[in-house]
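Here are a few notes to help you find your way around this one. Have a look at the structure first, then follow the points in order.

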Amino acid sequence: MSMTPLERVEAVLWGHGPDHVPFTVYESKLPPCAVERQLRNEGLCIHNRHYTPMKPVTPNCSVETHTYTPPPQTGDVYAGETLVKTTTRTPAGDLIAVNKPAGFTSWRVELPFKTADDYPALIALAEDTQFLPDHETYEKALAWMGDDVILRATLGYSPLQAIIYNLMGVETFCIEWAERRDRVMELYEALAARDRRAFEVLATGPCPYVQYCGNVSPQIVGRERFRELILPLYDEFGAMLHEHGKLFGCHLDADCGLLADLIGESELDFIEAFTPAPDTDMSIADARRAWPCKILWANFPSSVHLADQEQIYATACQMIDEDGGSQKLIIGITEDVPEDRWQENFLTINRACREYGRYD
């Protein structure tokens, strides 16, 4: 009897041996429709990231949001567009961010860090953040979702990544790193202490699959900062999860070649969203050589979604071939796919996994 989609994914994650290569899609990339039902009937597993069994609380900070539209007469570059302003009030001052909604995501118009005067408020917010277990919501979702959905817990960016992408932006970070590195590191340590409070909650919680951080760009972070400021927290958290019988992953979807040996030595069990060439600097074969014991929860390369169905099928088969029958490969969709391509493409990738990806 064939495996259910969930059993197939879990067979890869736990090394039990699946019947064929699993195909997964983020819950946000799979609109409910007839093709979605067909895909699920044909073995696709939905990769749902929305039920992390904890919730953050900030007893001494508050958040206010309001939606507005700058009028044309202001000359604002966003005149006539909907914007969302978020004000976070902390004991050390207010932080303001502005986003522009864009469907399932948003564009960042203003980041919270504006000047060095914002360090105290950012540190105060980090120090105030606590994490409470929320097992009930997770367990209810687990009971409801069925045998073709896998739930995966998520903890956001590690401190350095959060500073670069959520708080400052790349250019501002580079200036602050050059001119006020001691202040950046003070904020880093406050965020690391915050994350450690979450580590314990997730390590002792009910979800066996936990992901932390990701989107590491070696062109920005560099090898030294990755080794000294990112990897140690991966290993600390990963070791805690392993003590409690859980698996640890990271969303590494950019060029990984410069960091491959460090990733290979880490506590990571699965490399989620790993995107092979032609979109990055590593193929599936390169990744399997670099990380023979790690699970590749790979993203089908986004650029190939524009090809014809013959090439879509051939690319999926190539990914399977390059993995070398390790039984440690999951092919997934973790990025946007053009609206007029996703249905046919997903059916083709799913078919390749069933037909070509079968293990004898």
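1. Which residue stands opposite Ile-271 in strand 13? It's Cys-250. Keep in mind that this is a predicted model. The pair sits where strand 12 (residues 247-251) meets strand 13 (residues 270-274); the two run parallel and are joined by 3 bridges.

2. Now for the sheet as a whole. It is an open one, built from 9 strands with parallel pairing, and if you walk across it the order is 9-2-1-15-14-13-12-11-10. At the edges you'll find strand 9 (149-151) and strand 10 (153-155), each of which pairs on one side only. From one strand to the next, the twist averages 25°.

3. Strand 15 (329-333) deserves a stop. It is largely enclosed by the rest of the structure, because 5 of its 5 residues are buried. Leu-329, Ile-331 and Ile-333 point one way, while Ile-330 and Gly-332 point the other way. If that pattern looks familiar, here is the background: in a regular strand, side chains alternate between the two faces of the sheet.

4. Who are the neighbours of strand 15? One is strand 1 (residues 23-26), which runs parallel to strand 15 and is joined to it by 3 bridges; here Thr-24 stands opposite Gly-332. Strand 14 also pairs with strand 15 in the parallel sense, over 4 bridges, and Trp-297 has Ile-330 of strand 15 as its bridge partner.

5. Next, see how the chain connects two of these strands. Strand 14, helix 11 and strand 15 make up a β-α-β unit, and it is right-handed. Helix 11 (residues 309-323) packs on the sheet, where it touches strand 14 (295-299) and strand 15. The direction of helix 11 makes about 150° with that of strand 15.

6. Last, a helix pair. The axes of helix 5 (residues 159-168) and helix 8 (residues 218-243) come within 8 Å and cross at roughly 130°. An angle like that makes helix 5 oblique to helix 8. On the helix 5 side, the contact is made by Pro-159, Leu-160, Gln-161, Ile-164 and Tyr-165. Helix 8 brings Ile-220, Val-221, Arg-225, Leu-229, Ile-230 and Leu-233. Sorted by class, the contact has 9 nonpolar, 1 polar and 1 charged residues.

Notes: Residues numbered from 1 in each chain as written. Predicted model: local features only at pLDDT ≥ 70, side-chain atom pairs only at ≥ 80, totals over all residues. Heavy atoms only, no water. Axes fitted to C-alpha atoms, helices over the stretch in contact; angles between N-to-C directions. Parallel < 35°, antiparallel > 145°, perpendicular 65-115°, else oblique. Contact = heavy atoms within 4.5 Å. Nonpolar A, V, L, I, M, F, W, Y, C, P; charged D, E, K, R; others polar. Pairing = 2+ DSSP bridges. Buried < 20%, exposed > 50% of the residue type's maximum accessible area, 1.4 Å probe, protein only. Right-handed = clockwise from strand over helix to strand, strands pointing away.
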